[in-house]
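Please open the model in your viewer, keep the sequence panel beside it, and follow the stops below in order. At each stop you will be told what to select and what to look for there.

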Amino acid sequence: MRWSWDTDGVVTVTLDDPGRTANMLNRRHYEGLGACLDDLTRQLERLRGVVLTSAKRSFIAGPDFVPSEITPDEAAGTYDLLTPLRDQARRLETLGRPVAAALNGSALGGGFELALACHYRVGPHDPSVVWALAETWMGIIPGGGGTVRATRMFGIAATVLEIVGPGTAYHPRQALAAGLVDELADDVVAAARAWALAQPAGRFVQRWERPGYQIPGGTAEPPGLAEQVRHRSQGSPVRALAAVLEVAARSAAVPLDEAFDIETAACRALLAAPQIPDLAHLFFAMRALATTPTGLPPTDVRAPLAPAGPHASSSNRAQAGLRTFPQLVANPLAALFFAPDAPIVEITDPGLVPEVRAKGAIPVLIHGGQASFVQSLLDAGPDPAAMAAAARRALDDGLRVDPAGADVASVLAAGFPDWTGGVLHAEGLR
């Protein structure tokens with residue numbers, strides 16, 4: 001992390017985790033931003049404003065990081081930093097000078113929580129950029145202030161049903177329309193700096209901490225909201241949506257410091273849920289299909305697959321080695337990596353992977369056997385146990401399928417319970 005002062009007293013803070021493809025909320029980030037805030041506090045009289053940006057393609061985290069760069073110990077250690085990172089974001093927010101986030105790229109989860117702690121957000125016009133508080137689709141909720149700040153900004157109902165609860169992924173125009181970002185610009189750093197300089201001199205505070213501010217919709221839980229949450233959560237053992245409601249409703253009526261403690265405690269409680277490893281596995285499986293070559297070597301590639309059954313798309317049926325299925329499940333995690341209408345395409349030729357990806361589809365590489373993996377699940381479904389049994393039979397019959405592709409396809413194309421890591425992972429069939 002580095003920061004530089006200009007002649008007008010605006011400091012540009014550039015997040016740049018060394019040796020990484022993307023910035024992560026880790027101890028290096030915490031120590032670097034801490035040193036920066038110490039410097040800004042010492043020189044507060046000459047400080048006019050702060051611009052927070054990134055030297056990476058994304059702002060913080062995002063779909064383009066390389067999992068091999070992050071050790072399991074470091075990933076686990078992030079949760080040990082949950083409260084320190086939350087408090088550090090609060091320190092930035094209450095610095096007393098205007099702070100603008102120049103979101104040069106995607107920001108997910110904790111990265112976007114940090115952006116919400118800033119007073120203003122500028123994003124690019126790039127439609128591939130995505131911003132989301134997507135923690136609910138990993139079985140948890142924001143733990144660094146995201147739910148609390150979203151509730152202050154948009155109200156209890158919108159936070160629960162539209163933003164944090166469903167983990168909605170916003171592209172720039174959607175985020176601007178929703179109010180999650182304040183401006184889109186070709187040069188996000190220049191626009192953020194211009195906004196900071198346009199603010200009145202003297203002490204600056206967050207909009208919802210100004211006298212007279214009212215939370216949209218008030219501080220009482222809206223009638224019927226709990227019933228909507230129960231309906232949306234029906235059948236799922238994951239309690240994340242209910243936790244968002246609890247945090248939003250309780251935090252709206254208490255001072256901010258108490259609100260943050262409520263949120264962090266709820267996040268920590270969810271971290272112990274048994275579904276967490278499976279949901280994290282599904283996230284990385286989706287990311288692997290979106291950004292890296294499929295995992296298994298192209299051995300035992302057999303003759304082209306026969307046409308798929310009635311659930312498959314008629315498009316590409318005649319082409320050797322292609323079998324296409326639509327997405328049945330609108331999974332917000334998938335929306336971070338794939339278009340909502342991106343089909344799942346089973347292929348037998350690994351050479352077709354680049355072509356399938358180039359067309360915006362999701363490739364699933366079949367290495368051996370004549371059966372269709374997705375079709376076998378669809379024919380057995382919708383009962384999860386029957387689908388798992390069908391997957392087991394297909395593997396016993398010699399089907400070899402890329403594990404990440406099988407897990408993603410079983411959730412998106414076959415509707416296997418989306419609180420699992422996919423049928424292979426969830427049933428120990430890998």
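**First stop: a sheet of three strands**

Select strand E5 together with strand E7 (residues 131-132), and you will see two strands that pair in the parallel sense over 2 bridges. Please keep in mind throughout that this is a predicted model. Now pick out Leu108, and look across to E7, where Ala132 stands opposite. If you add the remaining strand, you have an open sheet of 3 strands in the order E5-E7-E8, with mixed pairing. Strand E5 (107-108) and strand E8 (169-170) stand at the edges with a single partner strand each, so one side of each has no neighbour in the sheet. As background for this and the next stop, strands of a sheet pair through backbone hydrogen bonds, either parallel or antiparallel.

**Second stop: a sheet of six strands**

Next, select E1, E2, E3, E4, E6 and E9, which in that order form an open sheet of 6 strands whose pairing is mixed. Its edge strands are strand E1 (2-5) and strand E9 (183-184), each of which pairs on one side only. Stay with E1, which runs antiparallel to strand E2 (residues 10-15) and is joined to E2 by 4 bridges. Two of the partners can be picked out by name: Trp3 has Val13 of E2 as its bridge partner, while Ser4 has Thr12 of E2. The hairpin of E1 and E2 has 4 residues between the strands, and there Gly9 takes a positive phi near 85°.

**Third stop: one residue in a helix**

Move on to helix H3 (residues 82-93) and select Gln88, which has its place there. Is Gln88 buried or exposed? With a relative accessible area of 6%, Gln88 counts as buried, because buried means under 20%. Leaving aside residues up to four places away in sequence, Gln88 touches His29, Tyr30, Leu33, Gly34 and Leu37, so it is worth showing these side chains together.

**Fourth stop: a covered helix**

Select helix H5 (residues 146-154), which is mostly covered, with 9 of its 9 residues buried. Among the buried residues of H5 are Arg149 and Arg152, as well as Val148, Met153 and Phe154. Just after H5, look for Gly155, which takes a positive phi of about 100°.

**Fifth stop: the nonpolar cores**

In soluble globular proteins, nonpolar side chains tend to be buried together. Here the largest nonpolar core has 74 residues, and Phe112, Trp131, Ile141 and Val160 are those with the most contacts inside it. A second, separate core has 44 residues, including Leu108, Ala334, Phe337 and Ala404.

**Sixth stop: a pocket**

Which residues lie nearest the centre of the second largest pocket? Select Ser128, Ala335, Leu336, Phe337 and Phe338, which hold that place among the 35 residues of the lining. The space in this pocket is about 850 Å³. Helix H12 (276-291) and helix H13 (332-335) are the elements that give two or more residues to the lining.

**Last stop: the whole protein**

Finally, clear your selection and view the whole protein, which has 18 helices and 13 strands. Of its 430 residues, 55% count as buried. Among contacts between residues at least 6 apart in sequence, 75% join residues at least 24 apart.

Key
Residues numbered from 1 in each chain as written. Predicted model: local features only at pLDDT ≥ 70, side-chain atom pairs only at ≥ 80, totals over all residues. Heavy atoms only, no water. Buried < 20%, exposed > 50% of the residue type's maximum accessible area, 1.4 Å probe, protein only. Contact = heavy atoms within 4.5 Å. Core = buried A, V, L, I, M, F, W, Y, C linked by side-chain atoms within 4.5 Å. Pairing = 2+ DSSP bridges. 1 Å grid on protein atoms, 1.4 Å probe; cavity = no way out; pocket = protein on both sides within 12 Å on 5 of 7 lines; lining within 4 Å. Points joined across faces, edges and corners; volume = space filled by probe spheres on them.
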